[in-house]
Amino acid sequence: MIDNGGFEQGLWWATDGFSLEVNTRHGGLASAQVISSELEQLSTITVNPINAHDTYELAAWIKTSNVTNATGVSINVLQVGDNGFMMWYPNGQAKLIATGETQEWGRHTATISNLHPNTKYVKIYMRMDANAGGTAWFDDISLTNRNEIKNGGFENGLMHEETGGFGLDRSTYHSGMASAAVASTGTDQLIATDLIPVNPYDTYELAAWIKTSNVTNATGVSINVLQVGDNGFMMWYPNGQAKLIATGETQEWGRHTAIITNLHPNTKYLKIYLRMDANMGGNSWFDDISLIKKNTFTYNYDQNSTIKTINSSIEGMESQTQYNFDKNGNLIKKKTNRK
Ligand SMILES: [Ca+2]
Ligand SMILES: [Ca+2]
């Protein structure tokens, strides 16, 4: 989503301490170098559009030399609305990524979610604090939307496979300017996503904002997840319980979540169905549907680009795998510690 995140087309807007560097870089032919001075040094780029309800991964390769503290070099994200600047993300903690001292090229990541609901785009700042000392280099900066569902906010229309009852509602919605609305009828009403490629060994969080009005029971409005293999449909996830998320009666907009794990090993795709049961009475609205992979892996390399450690976080369980190689580059030890 970031144009020129590798500085191959030149610098972003920047203060005087920044320059394009060709001898020290992580990828391609150039990086952005910044030399400390008595003034704060900044370089920024605008990224849009942003869906405030999606989850993003910010990643950057940074190298530092002789910075006097551990946090003098940072990346900050500013949330911007229709009427201009709003606030730093996250609230009260401007340094989303921070490093310093003397460090070889390392990949730094941060997860961005729960943006201010009025956020339309963000500005990403590379920064070196005033009087931080030393030099830093930035390269290969990326921002990736981690929502596996396209158009989960219905801003670009409905999903497919309508049974006829669903429509866009441009007056009742959770965010943006539209939601998917449905009134109960004599038959089940369904819309579904496209096939979403997944890895059956990964863990995902499904989330949806749902509002209900006058539904006659507590589970008439639901979300179902179908596991799909190479040869087509296989089975509902999870086994024997088609309604992964269920609600009903009269409820204001609420966020519902479910964890999807231990998929059938032959699963290649998921297809997510929004559903209102037959003869339920009432109305329901869906908005901001997301499917986020919960596993995150951070790879750290030494100066010879040999893997040193992999940090993984799966469902909040943190672990680190350490690799040791002999002088010929053969793996001699691999050790995983639960953090
Ligand atoms: Ca580059
Ligand atoms: Ca919406």
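The exercises below, each with a worked solution, go through the predicted model of one chain.

**Exercise 1. An overview of the chain**

Task: Find how many helices and strands there are in the chain, and describe the box that its C-alpha atoms fill.

Solution: Begin with the secondary structure, where the count gives zero helices and 26 strands. Next, take the principal axes of the chain, along which the C-alpha atoms fill a box of roughly 70 × 55 × 30 Å. Then turn to burial, and note that 34% of the 339 residues count as buried. Finally, look at contacts between residues at least 6 apart in sequence, of which 72% join residues at least 24 apart.

**Exercise 2. Domains**

Task: State which domains the domain assignment gives, and what distance separates the centres of domain 1 and domain 3.

Solution: The assignment divides the chain into domain 1 (13–146), domain 2 (166–292) and domain 3 (295–339). When the centres are taken over C-alpha atoms, domain 1 and domain 3 are separated by 25 Å.

**Exercise 3. An open sheet and its edges**

Task: Give the order of the strands in the five-stranded open sheet, and explain which strands stand at its edges.

Solution: Following the pairing from strand to strand gives the order E2-E3-E11-E5-E9, and the pairing is antiparallel. Strand E2 (18–21) and strand E9 (103–112) each have a single partner strand, so one side of each is left without a neighbour in the sheet, and these two strands stand at the edges. If direction is ignored, neighbouring strands of this sheet are turned by 30 degrees against each other on average. One pairing can be followed in detail, since E5 and E9 pair over eight bridges in the antiparallel sense, and within it Ala 59 has Thr 109 in E9 as its bridge partner.

**Exercise 4. The partners of strand E4**

Task: Describe how E4 pairs with strand E1 and with strand E10, and name a residue pair for each.

Solution: Take strand E1 (residues 13–14) to begin with, which pairs with E4 in the antiparallel sense over two bridges; here Ala 14 has Ser 43 in E4 as its bridge partner. Then take strand E10 (residues 121–128), which pairs with E4 over seven bridges, again in the antiparallel sense. In this pairing, Gln 41 stands opposite Met 128 in E10.

**Exercise 5. Unusual backbone geometry**

Task: Locate the cis peptide bonds that precede Pro 49 and Pro 90, and then decide whether Phe 154 and Glu 249 are buried or partly exposed.

Solution: The bond from Asn 48 to Pro 49 is cis, with omega near -5 degrees, and Pro 49 belongs to the loop between strand E4 (41–47) and strand E5 (56–65). The bond from Tyr 89 to Pro 90 is also cis, with omega near -15 degrees, and Pro 90 belongs to the loop between strand E7 (84–89) and strand E8 (97–99).

Now consider phi. Phe 154 is not a glycine, yet its phi is positive, at about 60 degrees, and the residue sits in the loop between strand E11 (135–145) and strand E12 (166–169). A residue is buried if 20 or more other C-beta atoms lie within 10 Å of its own; Phe 154 counts as buried because it has 27 such neighbours. Glu 249, which is not a glycine either, has a positive phi of about 55 degrees and sits in the loop between strand E19 (245–247) and strand E20 (251–260). Because Glu 249 has 15 C-beta neighbours inside 10 Å, it counts as partly exposed.

**Exercise 6. The nonpolar cores**

Task: For the largest nonpolar core, find which residues touch the most other members and which element gives the most residues.

Solution: This core has 37 residues, and those touching the most other members are Ala 180, Leu 206, Ala 208, Ile 223, Val 225, Ile 272 and Phe 286. Several elements give two or more residues to it, including strand E13 (179–183), strand E17 (221–229) and strand E21 (269–276), while E16 gives the most, with six. A second, separate core has 32 residues, among them Ala 60, Ile 62, Ala 136 and Trp 137.

**Exercise 7. The surroundings of Asp 287**

Task: Decide whether Asp 287 is buried or exposed, and find which residues it contacts.

Solution: Asp 287 is placed in strand E22, and it counts as buried because it has 24 C-beta neighbours inside 10 Å. Leaving aside neighbours within four places in sequence, its contacts include Phe 154, Tyr 173, His 174 and Trp 209.

Definitions and conventions
Residues are numbered from 1 along each chain as its sequence is written. Chains are lettered from A and ligands numbered from 1 in the order in which they are written. This is a predicted model: local features need pLDDT of at least 70, side-chain atom pairs count only at pLDDT 80 or more; totals for chains, interfaces and linings use all residues. Helices (H or I, at least four residues) and strands (E, at least two) are DSSP runs, numbered from the N terminus. A residue is buried if 20 or more other C-beta atoms lie within 10 Å of its own, exposed if 12 or fewer, and partly exposed in between; C-beta atoms are placed from the backbone. Two strands pair if DSSP finds at least two bridges between them. Axes are lines fitted to C-alpha atoms, for helices over the stretch in contact, and angles run from 0 to 180 degrees between N-to-C directions. Domain bounds come from an automatic or database domain assignment. A nonpolar core is a set of buried Ala, Val, Leu, Ile, Met, Phe, Trp, Tyr and Cys residues joined through C-beta atoms within 7 Å. Two residues are in contact if their C-beta atoms, placed from the backbone, lie within 7 Å.
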